[in-house]
Amino acid sequence: MKILDKNKNENKIKSNSIWKYFVIAIFILGSTSFSFAQTVDSTVTIEKSKTKAKVTGLQYICVHVLKLEKTLKLYREILGFKLSDAEVLHGPGLEGMLVMKMKANDLTISLSLTAPEFWKTVGPIGNTNHNHFMLKVDDIVPIGDKLKEEGYELENEHYARDKYTFFVGPNGEIIGLSAWD
C-alpha cells in the first residue's frame, strides 16, 4: 500500500513538473516576437529598430574601497578575482587614486582607493571615485539626449565628443555610459 502511494506521489510530482515546464515554454514562445510571413512594412520596422541606440553590454563595475584588507580578501581569496592591472590616477577629483582592475573570466571590476591625504580632492558624484557601473552603448548621443530630455543631469556635457558620461538613476545608483571600443 505504501509503495503504491509513493508511486502515485512521484507520478503526480513528475506530472506537475512537466506542466510547469510546458507553461514556461509557452510563456517564452508567446513573449518572443515571431513572424512567419514578413511584409514590406515589417521589414521597414525591423530596419528602424536596428538603428535605435541601445545598451550592448557591461563595460565594467567600479567599487570605491573603504576597507582595503577586507575588500582584497573578498574579491581575491573568496570570489577568485585576479589583479590584472593597477594605476594611480592624477587630475582634479582623481589625484592619488589607486585603481586596481580585478578580473574573473570576462568580468572586470575596478576597485578604487583614494589615499587619505587626497580625500578632500574627491570629485562629484559620478566621478570614478564612487561606486558605479559602466554600460557599453552602441551610440551615446541619442541616449544622452533622451536622458537630458527626461530631466537627468549628465556629469559630462561633452558626451558626444568624449563618448562617455555618468548620471544618477532614480534609486541613487550611479550609472556610466560608454561608447568606447
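Strand β7, residues 174–178, is a good place to start: five of its five residues are buried, so the strand is largely enclosed by the rest of the structure. Keep in mind as you look around that this is a predicted model. From β7 we can visit its two partner strands, β5 and β6, and then turn to a nonpolar patch on the surface.

**Inside β7**
- Side by side along the strand, I174, G176 and S178 point one way, while I175 and L177 point the other way.
- Whichever way they point, all of these residues are buried.

**The partners of β7**
- Strand β5, which covers residues 132–137, runs parallel to β7 and is joined to β7 by four bridges.
- Within that pairing, M134 has G176 of β7 as its bridge partner.
- Strand β6, made of residues 164–168, pairs with β7 in the antiparallel sense, and five bridges connect the two.
- G176 turns up here again, because F166 stands opposite G176 in β7.

**The turn between β6 and β7**
- Together, β6 and β7 form a hairpin, with five residues between the two strands.
- G172 sits in this turn and has a positive phi of about 90 degrees.

**A patch on the surface**
- L74, I78 and L79 make a nonpolar surface patch of about 280 Å².
- One of these residues, L79, lies in the loop between α3 (68–78) and β2 (82–89).
- L79 counts as partly exposed because its relative accessibility is 46%, a value between the 20% limit for buried and the 50% limit for exposed.

Terms used: Residues numbered from 1 in each chain as written. Predicted model: local features only at pLDDT ≥ 70, side-chain atom pairs only at ≥ 80, totals over all residues. Heavy atoms only, no water. Patch = residues over 30% accessible without salt bridge, like charges linked within 9 Å, V, L, I, M, F, W, Y side chains within 5 Å. Areas by Shrake-Rupley, 256 points an atom, 1.4 Å probe, with all protein chains shown as cover. Salt bridge = Lys/Arg side-chain N within 4 Å of Asp/Glu carboxyl O. Buried < 20%, exposed > 50% of the residue type's maximum accessible area, 1.4 Å probe, protein only. Pairing = 2+ DSSP bridges.
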